[in-house]
Amino acid sequence: MDSITTCFALGQPYHTIAYYSHLIPAAIILALSLFVLVQTKFSLMAKLFSSFGILLSLWLIGDVVLWTVSDYNIISFAWAPLDYINILFYLFGAYFFIVLVKGKDIGLWSKFALFALSLPPFYLTLTNQSIAIFDQTVCEAINNPFLTNYKLVIEGMAILIIIGVAAYYYRLSIKEKRQQIIWVMTGLLAFFLTFSSTEYIASITGIYEISLYSLFILPLFLGGIIYSITSFRMFQLKTFGTQLLVYILLIMIGSQFFFLESTTDKNLTIITFVLSVVFAYFLLRSARREIQARAKVEELALELAVSNNKLQDLDKLKTEFLSLASHQLRSPLTAIKGYASMLNEGTFGELGEKQSEAARRIYASAQGLVSLVEDLLNVSKIEQGGMKYEMTSTDLVPIVESLYNEMKIPASNKGLEFALVVPEDNTVMVTVDPLKMRQVFLNLVDNAIKYTPQGFVKLSLARKDDKVLFSVSDSGVGITAKTKERIFDKFMRGEGGKLDTGGSGLGLYLALEITKAHKGNIIIESAGQDKGSVFTVEIPST
Ligand code: ADP
């Protein structure tokens, strides 16, 4: 009977390679499908991918029968549904891609259209019309030509759909999603194009072995796809690979047991097997621990990055708010100051002593607010990188002198000894923005007077090596080591804050920022609380 059902064994030399090229990809694809299902907790996308994977594996199993079996009944049985399965996995591949890119299921009509496309091959296969002729002598079938063309059309369509959907959603997506679209599209297209073209080339050249070899690379593309669609990182994939390898090794070692005959061999295999199980246990356990640790680190890093982003956004918002609020405050303040001084000058009629005093206070408070607003605006300019410096060659002596004369009044009001020392040649030339530098010096002198209840405030301008130094020393409240660390921070107020409650804590911050923009620095020395302090501005001389 054998001679009736067995074809001449043409494909013999290819048996082994055919097994490898079909069964290994099938096993890998099934494992990947299972993996993606578990990883994404049975999401729709994973279900579609696994349907695609299962259909592809079915096709591989059907195809391996054609290569390895000699019974023509079995061959024709396996041959008949291959084209139908082939069409189905192309449709599922495209369906999977649309869902992945859209992030949700397709509409009812689109599903219906996909289903409708799968009906003609289903009907032809069911009614035994998928094969036109089966040549029993060589175990070869000639496919129904309509089905062959239909299959080509569906394959082309699936490829075009994937490209079209990718192009459409690429424009609408954010950066990370775009990368994913590109990766998955490339993987899927590489897969489909390799599959279709090798089949096509094999059918026109008659060299069917081409498709045997091409099957080996297909799981690679699928692995790439899985890697880019699931959120796990490379190392998780590695551990998955380790697990797989370990299990395969155990199965291989274990299976030897059934072939071995001698008791010694059997005993040796048992020992090897038991040892391998023990090693495998430790290996897998350490691999698992490593993933957990790394996953934790990744998670923390991600959280950190997210909160860092949020903080940066908030900071930007705050700076913008600061700038807007300050601009809005400016005009009413100018009005208040203007009217207060007009009241004082008698523009609206003579004022009594008490009214005058009130108007003076309004003016002084408004003036205080104006400088606060100026400081706030300067802070936001610095933070937005918009502070402009007009550097010119400047003599610092007249600047410091005018400052000294201006501050004489508040200093003498407090009964402080107030002095200024400048170099004998009476010039100190530097390249600076004179108005900004004056602001820095003024802040320091103003602070020294504010935070010195009695004693002295001394200013000195000097040249030292390639630097110019402006220092302000006082016998005031001094600065503790702890305060010194943060004294240049925004809104930072030290012990002196109790003495003078009017400050904002911005003066030193601005002074340092401006000095740094001049490639300089501010140095603070203080022996501690109530021991006075020295603030020195250093800038490079020119
Ligand atoms: P403000 O003077 O508005 O509080 P600053 O940034 O100019 O803001 O100063 C920050 C803090 O540094 C002050 O609150 C004060 O405690 C301390 N400080 C500044 N200058 C002196 C000084 N000469 N002596 C003692 N403390 C000072």
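1. In which helix does Phe-258 lie? In this predicted model, Phe-258 lies in helix 10, and because its relative accessibility is 70%, where exposed means over 50%, Phe-258 counts as exposed.

2. Phe-258 also belongs to a nonpolar patch on the surface, whose other members are Phe-257, Ile-270, Phe-273, Val-274, Val-277, Val-278, Tyr-281 and Phe-282; together these residues have about 830 Å² of accessible area. Helix 10, which spans 234-259, and helix 11, which spans 263-345, each supply at least two residues of the patch, and helix 11 gives the most, with seven residues.

3. Turning to the interior, the largest nonpolar core has 55 residues, and within this core the residues with the most contacts are Phe-89, Phe-97, Phe-192 and Leu-222. Two or more residues of this core are given by each of helix 2 (15-39), helix 3 (44-68), helix 5 (82-102), helix 6 (108-126), helix 7 (145-172), helix 8 (175-205) and helix 9 (209-229), and the largest share, 16 residues, comes from helix 5.

4. Phe-97, one of the residues with the most contacts inside the largest core, is in contact with Ile-162, Val-165, Ala-166, Ile-181, Val-184, Met-185 and Leu-188, when its neighbours within four places in sequence are left aside.

5. Another core lies apart from the largest one and has 47 residues; among them are Leu-403, Val-432, Leu-510 and Phe-535.

Notes
Residues are numbered from 1 along each chain as its sequence is written. This is a predicted model: local features need pLDDT of at least 70, side-chain atom pairs count only at pLDDT 80 or more; totals for chains, interfaces and linings use all residues. Side-chain values use heavy atoms; hydrogens and water are left out. Patches are made of residues with over 30% relative accessible area and no salt bridge: like charges are joined within 9 Å, nonpolar side chains (Val, Leu, Ile, Met, Phe, Trp, Tyr) within 5 Å. Accessible areas come from the Shrake-Rupley method with a 1.4 Å probe; for residues, only the protein chains shown count as cover. A salt bridge is a side-chain nitrogen of Lys or Arg within 4 Å of a carboxyl oxygen of Asp or Glu. Helices (H or I, at least four residues) and strands (E, at least two) are DSSP runs, numbered from the N terminus. Buried means under 20% relative accessible area, exposed over 50%, partly exposed in between (1.4 Å probe, protein chains only). A nonpolar core is a set of buried Ala, Val, Leu, Ile, Met, Phe, Trp, Tyr and Cys residues joined through side-chain atoms within 4.5 Å. Contact means heavy atoms within 4.5 Å.
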